[in-house]
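Subject: Structure for you to look at, with notes

Dear colleague,

I am handing over the structure below, and I would be glad if you could read my notes with it open beside you.

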Amino acid sequence: MQAITDILRHHSELAVFLTLAGGFVIGKFRVGSFTLGPMLGTLFAGMVIGLLDIPIAPIVKTIFFDLFLFATGYKVGPQFFYGLKKEALPQLALTFVICTTCLLTAVVISKLLGYDVGTAAGLLAGAFSESTVIGTAGDAIQKLALPDAEKVGMVNNIPVAYAVTYLVGTTANVWFLSTMAPKLMRVNLKEEGLKLAKKFGADKQESDDLNLVFKEWSLRAFRLNAQRWAGKSVKEFEEQLPGKRIMVERIKKPTGIVDPAPDIVLEEGDLIVVASRHAVMLEMMSTFGEEIFDREMLDFPLIHLEMTVSRKELADKTLGQLAAEYGQGIMLSRLMRSGQELPFESGTVIHLGDVLYISGREKDVKRTAQAFGFVERDTVQTDIIFVSIGIVLGGLIGMLAFSIGGIAITLSTSGGALVMGLVFGWFHARHPKIGRIPEPALWLFDTMGLATFLGIVGLAAGPTFISGLKATGVTIIFAGLVVALLPHIIGMFFGKYVLRMNPLILLGAQSGAGTTTTALKAIQDAAQSKHPVLGYTIPYALGNILLTAWGPVIVSLMTM
């Protein structure tokens with residue numbers, strides 16, 4: 001054992017990678033239906049390995065933390081700035097109420113229970129599952145006019161409180177938002193999901209089977225029903241069922257195969273290939289004609305592209321409007337916003353920066369991509385210049401500090417990286433050819449950046465973890481429950497009775513304000529609907545900013 005300890009102490013990089021490996025293994029463990037996750041797992045692994053007292057240069061932690069924060073801002077930037085529009089004000093107000101209540105509750109209960117600054121910051125970070133507070137509060141503590149030993153003790157208490165209250169807070173929030181809140185509001189989530197689906201233009205069958213309807217398209221060949229369609233145009237054929245996408249992809253006439261156009265007239269003996277969603281195909285195929293197998297007709301290439309909405313004039317239009325104008329021959333398989341998949345009915349409103357995954361014939365895809373302004377390039381290269389300059393500028397901004405009512409406000413260099421991530425993410429959405437970070441690279445910055453940061457935090461806190469846990473005692477569990485639940489209880493009543501928000505959108509917004517993606521998934525499962533995500537993205541963007549800023553604020557409030 002001593003030999004292993006000596007190796008890890010002299011080669012601390014091995015301790016970091018061992019922590020990552022152990023953390024991701026621990027993260028797969030389940031407590032009932034709750035998965036610990038790689039972040040909490042890595043923190044635990046770091047604390048265990050940290051018992052060997054392995055020193056890690058602080059700059060390593062800062063570098064990975066900056067990459068994580070920039071990636072976070074980059075992902076949510078378009079939604080953050082979209083949230084400044086008038087129609088998003090209710091979601092912004094709700095987020096501010098929840099996050100501010102969380103801060104004040106953490107301060108009050110910490111003072112009542114006699115917690116130090118580090119424990120209070122860890123309580124705030126864990127109860128609202130916001131790991132960035134660990135970094136920004138830690139930086140603020142280092143600037144306090146206190147003996148170094150006292151500051152080190154406070155910083156090491158942050159992950160101790162975070163580890164305990166993260167489990168308590170996340171579990172409590174998932175239970176409250178998906179189970180208790182609907183009962184308190186006296187709503188049935190499944191019924192609310194169906195109402196929203198109807199409002200946005202989906203029928204009951206589509207709402208009951210989201211995975212099949214929204215992701216799967218069917219292409220089949222038919223011998224045209226001449227009695228019904230001879231003499232009619234392709235446009236008339238495609239518009240036979242208002243509100244449903246039916247597309248003629250190919251036509252085979254006696255003279256050969258032709259590409260369809262809206263004004264082409266269908267004739268007796270024509271063979272056609274029709275594309276539609278499975279539910280529509282099963283409902284309408286009897287009207288098309290006799291289904292046939294014709295390999296020549298069905299064997300044609302489809303292009304699949306990832307397309308970003310970058311033209312300002314397309315934003316705030318519904319999918320139905322865009323489909324009518326640009327959707328000829330196009331199949332939409334997926335719609336993403338800030339890393340979350342959205343339901344896509346005809347009434348779904350498109351935001352700048354949304355990503356559409358489309359398929360179709362080459363000429364149709366190219367036409368639509370040109371109309372939308374940009375097609376994501378098939379490349380694995382990350383614009384490192386863009387990322388590096390963003391972090392540098394963010395660091396310079398983060399050095400600025402100002403005082404409000406005697407409370408020192410500063411984001412620190414790491415918090416500045418988050419702010420510039422927001423700006424650069426918004427800029428990329430407006431100008432997608434600049435600053436591309438492919439999804440795998442974004443995952444690496446986001447997941448590996450935070451995991452490495454938390455692992456090193458755990459390594460530093462390991463030697464004092466047991467004593468810190470004994471110092472806080474079981475009261476930290478009670479404190480975590482109060483800080484996690486009280487803001488959401490207040491937010492629920494504020495959103496329902498003051499803002500008059502739809503219950504599903506309200507619950508989605510609450511999960512976003514609390515930066516709890518796990519709660520969002522639980523709400524979606526309970527409602528059997530993806531519609532809660534429509535309330536999630538803007539509060540998630542603002543919640544990340546506010547909670548990150550609360551790190552130095554809670555330090556100031558606790559030392560007043």
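Which helices are included in what covers the buried residues of helix 3? Please bear in mind throughout that this is a predicted model. The cover of helix 3 includes helix 2 (12-26), helix 8 (148-185), helix 20 (439-461) and helix 21 (465-472). Of the 13 residues of helix 3, 10 are buried, so this helix is largely enclosed by the rest of the structure. The buried residues are Met39, Leu40, Gly41, Thr42, Leu43, Ala45, Gly46, Met47, Ile49 and Gly50. The length of helix 3 (residues 38-50) also agrees with expectation, because 13 residues at 1.5 Å a residue should span 18 Å, and the end C-alpha atoms are 17 Å apart.

Helix 2 and helix 20, which both belong to that cover, also meet each other, their axes coming within 9 Å and crossing at roughly 110 degrees. That angle makes helix 2 roughly perpendicular to helix 20. On the side of helix 2 the contact is made by Ala15, Val16, Thr19, Leu20 and Phe24, and on the side of helix 20 by Thr447, Met448, Ala451, Thr452, Gly455, Ile456 and Leu459. Sorted by class, this contact has 8 nonpolar and 4 polar residues, with no charged residues.

Turning to the sheets, 5 strands form an open sheet in the order 5-4-6-3-7, with antiparallel pairing. Strand 5 (256-258) and strand 7 (289-292) stand at its edges with a single partner strand each, so one side of each is left without a neighbour in the sheet. On average, and with direction ignored, neighbouring strands of this sheet are turned by 30 degrees against each other. At one edge, strand 4 (residues 247-253) pairs with strand 5 in the antiparallel sense over 3 bridges, and isoleucine 257 in strand 5 is the bridge partner of lysine 252. Helix 14 (residues 278-288) lies across strand 3 (217-224), strand 6 (271-277) and strand 7, and runs at about 0 degrees to strand 3.

A further open sheet is formed by 4 strands in the order 8-11-9-10, again with antiparallel pairing. Its edge strands are strand 8 (303-308) and strand 10 (340-341), each of which pairs on one side only. Strand 9 is mostly covered, with 6 of its 8 residues buried. Strand 9 pairs with strand 11 (residues 355-360) in the antiparallel sense over 6 bridges, and in this pairing leucine 335 stands opposite leucine 356. Strand 9 (residues 330-337) also pairs with strand 10 in the antiparallel sense, over 2 bridges. Here methionine 336 stands opposite glutamate 341, while arginine 337 has glutamine 340 in strand 10 as its bridge partner. Strand 9 and strand 10 form a hairpin with 2 residues between them, and serine 338 in the turn has a positive phi of about 55 degrees.

Two loop residues deserve a look for their backbone angles. Most residues other than glycine have a negative phi. Serine 129, although not a glycine, has a positive phi of about 45 degrees, and this residue is found in the loop between helix 6 (117-127) and helix 7 (132-142). Arginine 500, also not a glycine, has a positive phi of about 55 degrees and is found in the loop between helix 22 (475-498) and helix 23 (503-513). Are these residues buried or exposed? Serine 129 counts as buried because its relative accessibility is 15%, whereas arginine 500, at 65%, counts as exposed.

Finally, there are two helix residues to mention. Glutamine 524 is in helix 24 (residues 517-527) and counts as buried at 11% relative accessibility. Leaving aside residues up to four places away in sequence, glutamine 524 touches Ser529, Lys530, Pro532 and Val533. Glutamine 524 and lysine 190 are 334 residues apart in sequence, yet their C-alpha atoms are 9.3 Å apart in space. Arginine 295, which lies in helix 15 (residues 295-298), counts as exposed at 61% relative accessibility. The C-alpha atoms of arginine 295 and leucine 507 are separated by 49 Å, with their positions 212 residues apart along the chain.

With best wishes

Methods: Residues are numbered from 1 along each chain as its sequence is written. This is a predicted model: local features need pLDDT of at least 70, side-chain atom pairs count only at pLDDT 80 or more; totals for chains, interfaces and linings use all residues. Side-chain values use heavy atoms; hydrogens and water are left out. Two strands pair if DSSP finds at least two bridges between them. Axes are lines fitted to C-alpha atoms, for helices over the stretch in contact, and angles run from 0 to 180 degrees between N-to-C directions. Contact means heavy atoms within 4.5 Å. The expected span of a helix is 1.5 Å times one less than its number of residues. Buried means under 20% relative accessible area, exposed over 50%, partly exposed in between (1.4 Å probe, protein chains only). Angles under 35 degrees count as roughly parallel, over 145 as roughly antiparallel, 65 to 115 as roughly perpendicular and the rest as oblique. Ala, Val, Leu, Ile, Met, Phe, Trp, Tyr, Cys and Pro count as nonpolar, Asp, Glu, Lys and Arg as charged, and the others, Gly among them, as polar.
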